[in-house]
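Reader: I would like to learn how to read a model of this kind, going from its confidence to its helices and strands. Could you take me through it step by step?

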Amino acid sequence: MIGISSMKLKVSVLVSFSILLSVFFLYCNSASAQTGNSVSGHVFGADRRPLSDVYVELLDDLSRAISRGRTSASGLYSFFGLSAGRFRIRVMPLGTDYEEQEQDLEIVNFSGSAGIGDTRVLGRVSEIRDFYLNPRRVAMGLGSPTSVFAQDVPDEARKLYRDAIDHLEDKKPQEAYTALKSALEIFPKYFVALETLGTEYVKAGHFEAAQILLSLAVEVNPRAYKSWYALARALEAQQKHGEALAAAKKAIQMNALAPESLFLTGYLLRQAKEYPEAEKQLIKARDTSGDSIPDVHWELALLYANGLKRYKDAAKELRLYLKAKPDDKNAENIKKLIAEFEEKAKTT
C-alpha cells in the first residue's frame with residue numbers, strides 16, 4: 001500500500017508540475033506577443049517620391065513621445081517591441097515644403113482558447129501605416145500651397161533613380177552609385193539624384209565629389225535644406241571652414257530647428273572664435289536635440305573651458321555628456337577633467 005500511495009503522490013506531483021510548466025510557457029508566449037508588436041510604413045512626397053531623413057515620432061495615448069527615428073533612403077520607418085494599446089504616429093518633415101501629418105493607431109492582441117482554462121494571446125501584430133504628405137500652405141494670406149520642388153524628368157532617368165533607392169535599401173551602395181550616375185548622364189540637373197548621390201558620398205567619405213554634386217544641387221534648388229547641410233559637412237571635412245560655415249548658415253535658414261545643423265554651425269563658429277554666437281547656436285542644438293546628439297555637450301564644454309573660461313559651466317556640460325553617453329571609453333578621464341574644471345572654477 002505504501003508503494004502504491006507513493007507512486008500516486010509522484011504522479012500527482014508530475015501532473016501538477018506539468019500544468020504549472022504549461023501555464024508558465026503560455027504566460028511567456030502571451031507576454032512576448034503583447035510586447036512584440038510593430039508598426040512600419042513609407043513616407044511619400046510629390047509624385048509618390050519616397051522622402052528620406054524625415055523625422056517620425058511614435059506617441060502614446062497621452063501624446064508623449066515614446067520613440068523617434070528617421071526614414072531610410074526608400075522612405076521607410078519602423079518601430080518594434082510595442083505593447084497593445086493606442087498610439088499616434090507623427091511625421092515631421094522639417095526643412096521641407098511638406099506639412100506635418102499624424103495617424104492614430106490601435107494595436108489589439110486577440111485572445112483565444114485551446115481548451116479549458118487555456119487562454120492565450122494569438123500572435124504578434126505588424127501594422128502598416130503609409131504617409132502621403134501634402135504641400136505646406138503659406139502662413140499668411142489665403143493659404144495657397146507653396147511650390148513643391150518638381151522637375152520634368154525623363155522616364156529612364158526616373159527609373160534609374162528608383163533602382164538606386166532600391167539598391168541603397170538593400171545595402172548595395174556601388175550599384176546605387178552606378179544607377180544615380182546613369183540618371184545624371186541622362187538629366188544632369190536631376191535634383192533628387194544630385195542630392196542623394198552627394199549625400200551618400202559624404203557618408204562614404206568622398207568629400208570632393210560630394211562638394212561638386214551638392215553645389216549643383218543647391219544651384220538647382222536653393223531651398224534644399226538637406227543639400228545645404230550635406231554640403232557644409234563635405235566642406236568642413238576638407239578643412240574649408242569659411243565655406244562650410246556659410247553653407248551651414250544656409251541650412252539653418254531653411255530649417256531653424258534642425259539640431260544637426262545648429263550643432264555644426266556652433267562648432268564652426270567656435271573654430272572661428274566667434275564664441276557668443278557659437279554658444280547661442282549650440283544651446284539651441286542642445287535644447288532641440290533632446291540628448292540625441294551627446295557631442296553638443298562636449299562642444300559646449302570646450303567652448304566654456306577654452307574660449308569663455310567658464311569652468312563651472314564646462315564641468316556641468318561634461319556631466320551632461322556622460323549622462324547621455326555613459327559608455328564612453330574615456331569616461332574616467334572625463335571625470336578627472338570635470339574635477340579639474342571644478343577646481344579652476346573656485347579660483348576664477
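Author: What follows goes through confidence, a pair of helices, one residue between them and a sheet.

Reader: Where should I begin, and what is the mean pLDDT of the chain?

Author: Begin with the fact that this is a predicted model. Where pLDDT is low, the predicted coordinates should not be read in detail. Here the mean pLDDT of the chain is 83, and 81% of the residues reach 70 or more. Over residues 13–33, however, the pLDDT is below 50, and beyond near neighbours in sequence this stretch has eight contacts in the model. Residues 138–147 also stay under 50, and for them the model has 12 contacts beyond four places in sequence.

Reader: How do I describe two helices that pack, and at what angle do α4 and α6 cross?

Author: In general, two packed helices are described by the angle between their axes and the distance between the axes. In this model the axes of α4, residues 191–204, and α6, residues 225–237, come within 10 Å and cross at roughly 35°, and the crossing is left-handed. On the α4 side the contact is made by Phe191, Glu195, Thr199 and Val202, and on the α6 side by Lys226, Ser227, Ala230, Arg233 and Ala234. By character, the residues of this contact divide into four nonpolar, two polar and three charged.

Reader: Is Val202 of α4 buried or exposed?

Author: The relative accessible area of Val202 is 5%, and because buried means under 20%, Val202 counts as buried. Leaving aside neighbours within four places in sequence, Val202 is in contact with Phe207, Ala210 and Leu214, and also with Ala230, Arg233 and Ala234. For one of these, Ala230, the C-alpha atom is separated from that of Val202 by 6.9 Å, although the two residues are 28 residues apart along the chain.

Reader: Turning to the strands, in what order do they lie in the open sheet of four strands?

Author: The order is β3-β2-β5-β6, and the pairing is antiparallel. Neighbouring strands of this sheet are turned by 20° against each other on average, direction ignored.

Reader: Which strands stand at the edges, and why is one side of each left without a neighbour in the sheet?

Author: The edge strands are β3 (65–70) and β6 (101–107), and each has a single partner strand, so one side of each is left without a neighbour in the sheet. For β3 that pairing is with β2, residues 55–59, in the antiparallel sense over five bridges, and within it Glu57 stands opposite Arg68 in β3.

Definitions and conventions:
Residues numbered from 1 in each chain as written. Predicted model: local features only at pLDDT ≥ 70, side-chain atom pairs only at ≥ 80, totals over all residues. Heavy atoms only, no water. Axes fitted to C-alpha atoms, helices over the stretch in contact; angles between N-to-C directions. Left-handed = near helix turned anticlockwise from the far one by under 90°. Contact = heavy atoms within 4.5 Å. Nonpolar A, V, L, I, M, F, W, Y, C, P; charged D, E, K, R; others polar. pLDDT = per-residue confidence, 0-100. Buried < 20%, exposed > 50% of the residue type's maximum accessible area, 1.4 Å probe, protein only. Pairing = 2+ DSSP bridges.
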